[in-house]
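Hi everyone, and thanks for coming. Please have a look at the model on the screen, and then I'll walk you through a few places in it.

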Amino acid sequence: MAAGALPAGPAYGFGLYVHWPYCTRICPYCDFNVYAAKDRDNGALVQALRDDLARHARWLPEHPKLGSIYFGGGTPSLMAATDLAALLEDAEKLFGIETGAEITLEANPNDVLSADLEGWAAAGINRLSIGIQSLDEAALTFLGRDHDVSGAREAVVRAGRHFPNHSVDLIYARPGQSPAEWETELSEALALGAPHLSLYELTIAERTAFGKRAGRGELVPMPDDDQADLYELTQQVADAHGLPAYEVSNHARSADVQSRHNLTYWRGGDWIGLGPGAHGRLTIGGQRIATHAALKPADYQASVVETEKPVGETLSPIGNARELLALGLRPDEGFDAARIEALTGTPLLNDALETFMEQGLVLREGTRIALTPEGRLLADRIAAELSP
Ligand code: SF4
């Protein structure tokens, strides 16, 4: 860590996250803060997002320009291009946006097919993250998606024509999925040519429709060992196609198309979180503040009007250190142990770290600590055991 530098903060990246909480329908595995997009007037929520950005600017008089902006959700591709443009114009006026900043819109395939992609580009979007989730018709039905396989394929091809920098999301380790089926599906997805892939194992959270079905014994998750086998297969297939993992679940063709916004999270940078349920991390007066917005859209909209400052708590040094370690282990670049030690006041080198190094799960070069490809599979357990 450079002398005088803080262990976390905008020196490691500065971004803006905007959460759009509505979806045309709610997928049975989804554990995000989402709501069905009935016929509604979005104007009040868009105004609240703009007001929230303005109050962040009043609260944060000193900051660098934004290096990344990410519209996530929910389904932000349901937002009007004029609303995206208005938020981006505000961001430019209030914070400044770096030349070449990454500006991502998460998009559902059906929206990519029906939207005016030039309109998105004109609004300032320069990267799409497309949630195709599967290239298997039965799996798309199982996952409750409202697009089909041909729509998923066409959406990626159409996106690529307008946005060379685009990413595709897939969900694997579904109940009963065989290695051969996954290998075929992943190879087909790679052949679509996206320079970035996010490949997530299906997780079944208790409060979701899948969680309830699992609780009743109607859905049996894939056993852990089988999931681990599919994870390893994923690495082999993606490596062979020239998209190695640069993070536990994320693969990129080259460093310039790695997700700059997500790297800010993993590197311990700062970001503003706007929208219902959004979290942020901001460094003010040397303190790292964790902000969190009200979950329900109506409560969020009211809170922006009623409170001058976003709601947040100062992270304790130990809380900050734990978070830096858990997130810093995820990318293959790892993290600088000196940043953790500056917060805890004690060396991170402990028996658990030595053991993981002997097992070939963790690498150490100077003060930099990173997972090996074998260690990535156990990222959460390793983070928990190394945690200060
Ligand atoms: S579209 Fe995405 S955010 Fe919306 S319910 Fe489905 S998984 Fe969740």
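Let's begin with Asp 225, which you can find in helix 9. Keep in mind as we go that this is a predicted model. Is Asp 225 buried or exposed? Its relative accessibility is 62%, and the mark to pass is 50%, so Asp 225 counts as exposed.

Asp 225 also has company. Together with Asp 224, Asp 226, Asp 229, Glu 232 and Glu 374, Asp 225 forms a negative surface patch. Which helix gives the most to that negative patch? The answer is helix 9, running over residues 224-240, with five residues.

Now let's move on to Arg 376. You'll find Arg 376 in helix 15, which covers residues 373-376. Arg 376 has a relative accessible area of 10%, and buried means under 20%, so Arg 376 is buried. What is Arg 376 in contact with, once we leave aside its neighbours within four places in sequence? The list is Tyr 231, Gln 235, Ala 245, Glu 247, Val 248, Asp 332 and Leu 371. You can also try finding Pro 331: from Arg 376 to Pro 331 is 45 residues in sequence, and their C-alpha atoms are 9.0 Å apart in space.

Glu 247, one of those contacts of Arg 376, brings us to salt bridges. How many salt bridges does a search of the whole structure find? It finds 15, and I'd like to show you a few.

Here is one with Glu 247 in it: its side chain meets that of Arg 330 in a salt bridge, at 2.5 Å from N to O. Arg 330 sits in the loop between helix 12 and strand 15, while Glu 247 belongs to strand 9, so this pair ties together parts that are 83 residues apart in sequence. The two partners have their own settings: Glu 247 is buried, with a relative accessible area of 1%, and Arg 330 counts as partly exposed, at 21% relative accessibility.

Next, please look for Arg 207 and Asp 31. Their side chains meet in a salt bridge too, with 2.5 Å from N to O. This pair links distant parts of the chain, 176 residues apart: Arg 207 is in the loop between strand 8 and helix 8, and Asp 31 is in the loop between strand 2 and strand 3. Arg 207 is exposed, with a relative accessible area of 57%, whereas Asp 31 is partly exposed, at 36%.

One more salt bridge, and this one has relatives. Arg 281 pairs with Glu 323, and their closest N and O atoms are 2.8 Å apart. Since Arg 281 lies in strand 12 and Glu 323 in helix 12, the pair ties together parts that are 42 residues apart in sequence. Arg 281 is buried, with a relative accessible area of 11%. Which residues do shared partners join into one network here? They are Asp 270, Arg 281, Arg 288 and Glu 323.

Asp 270 gives us our last stop, Pro 10, because Pro 10 touches Asp 270 as well as Pro 64 and Thr 283, not counting residues up to four places away in sequence. Pro 10 is in the segment before strand 1, and at 31% relative accessibility it counts as partly exposed. Finally, Pro 10 and Thr 291 are 281 residues apart along the chain, with their C-alpha atoms separated by 15 Å.

Conventions:
Residues numbered from 1 in each chain as written. Predicted model: local features only at pLDDT ≥ 70, side-chain atom pairs only at ≥ 80, totals over all residues. Heavy atoms only, no water. Helix = DSSP H or I, 4+ residues; strand = E, 2+ residues; numbered from the N terminus. Buried < 20%, exposed > 50% of the residue type's maximum accessible area, 1.4 Å probe, protein only. Contact = heavy atoms within 4.5 Å. Patch = residues over 30% accessible without salt bridge, like charges linked within 9 Å, V, L, I, M, F, W, Y side chains within 5 Å. Areas by Shrake-Rupley, 256 points an atom, 1.4 Å probe, with all protein chains shown as cover. Salt bridge = Lys/Arg side-chain N within 4 Å of Asp/Glu carboxyl O. Lys, Arg positive; Asp, Glu negative; His and termini not counted. Charge placed at Lys NZ, Arg CZ, Asp CG, Glu CD.
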